[in-house]
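Here are some short exercises to work through with the model open beside you. Try each task before you read its solution.

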Amino acid sequence: MIYNLPPGMCKKLQFMFLSTVILGPNSQGWNIDVCLYLLIDELKQLWSFGALTYDVLMKQNFQIKATLI
């Protein structure tokens, strides 16, 4: 789900996405972590250093950090 939409919109079917890994002759098999290396590196960077973000309401920049649970 996309959570940066208003609550009434984020639960509509058109904004929901289903991610699946389909096994087949060309699949990664048990080596799925190979596909996730870039995501893992980016999440580590976002957690360690954060990203400079602009808050429109406060009209100032701040460091935002991200994690995956």
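pLDDT is the predictor's confidence in each residue, on a scale from 0 to 100. This is a predicted model, so local features need pLDDT of at least 70 and side-chain atom pairs count only at pLDDT 80 or more, while totals for chains, interfaces and linings use all residues. Residues are numbered from 1 along each chain as its sequence is written, and side-chain values use heavy atoms, with hydrogens and water left out.

**Exercise 1. Work out how far the predictor trusts the chain, and where confidence is lowest and highest.**

Start with the average: the protein chain has a mean pLDDT of 77. Next, check the spread: 68% of the residues score at least 70. Then go element by element: helix H1 (residues 7–10) has the lowest confidence, with a mean of 75, and S2 has the highest, at 93.

**Exercise 2. List the secondary structure in order, then describe how buried the chain is.**

First, the terms: helices (H or I, at least four residues) and strands (E, at least two) are DSSP runs, numbered from the N terminus. The protein chain has two helices and two strands, and from the N terminus they come in the order α-α-β-β.

Now burial. A residue is buried under 20% relative accessible area, exposed over 50% and partly exposed in between (1.4 Å probe, protein chains only). Of the 69 residues in the protein chain, 4% are buried.

Last, contacts, meaning heavy atoms within 4.5 Å. Take those with a separation of 6 or more: residues 24 or more positions apart account for 3% of them in the protein chain.

**Exercise 3. Find out how S1 and S2 pair, and what Lys59 does between them.**

Two strands count as paired if DSSP finds at least two bridges between them. Here five bridges join S1 to S2, and the strands run antiparallel. For one facing pair, look at Thr53, which stands opposite Phe62 in S2.

Now step into the loop between strand S1 (51–55) and strand S2 (60–64), where you'll find Lys59. The hairpin has four residues between its strands. Phi of Lys59 is near 55 degrees, a positive value in a residue other than glycine. Lys59 is also exposed, because its relative accessible area is 62%.

**Exercise 4. Decide how accessible Tyr54 is and which residues it touches.**

Tyr54 sits in strand S1. It counts as partly exposed because its relative accessibility is 48%. Skip residues up to four places away in sequence, and Tyr54 touches Lys59, Gln60, Asn61 and Phe62. As for Ile64, it is 10 residues from Tyr54 in sequence and 9.4 Å away in space, C-alpha to C-alpha.

**Exercise 5. Pick Leu43 and trace its contacts beyond its sequence neighbours.**

Leu43 is part of helix H2. With a relative accessible area of 22%, Leu43 is partly exposed. Leave aside neighbours within four places in sequence, and Leu43 is in contact with Ala66 and Leu68. From Leu43 to Ala66 the C-alpha distance is 6.7 Å, with their positions 23 residues apart in sequence.

**Exercise 6. Name the residues that make the nonpolar surface patch.**

The patch, of about 350 Å², is made by Leu36, Tyr37, Leu39 and Ile40. Ile40 lies in helix H2 (residues 33–48) and is partly exposed, with a relative accessible area of 35%. Patch residues have over 30% relative accessible area and no salt bridge (a side-chain nitrogen of Lys or Arg within 4 Å of a carboxyl oxygen of Asp or Glu). Like charges are joined within 9 Å, and nonpolar side chains (Val, Leu, Ile, Met, Phe, Trp, Tyr) within 5 Å. Areas come from the Shrake-Rupley method with a 1.4 Å probe; for residues, only the protein chains shown count as cover.
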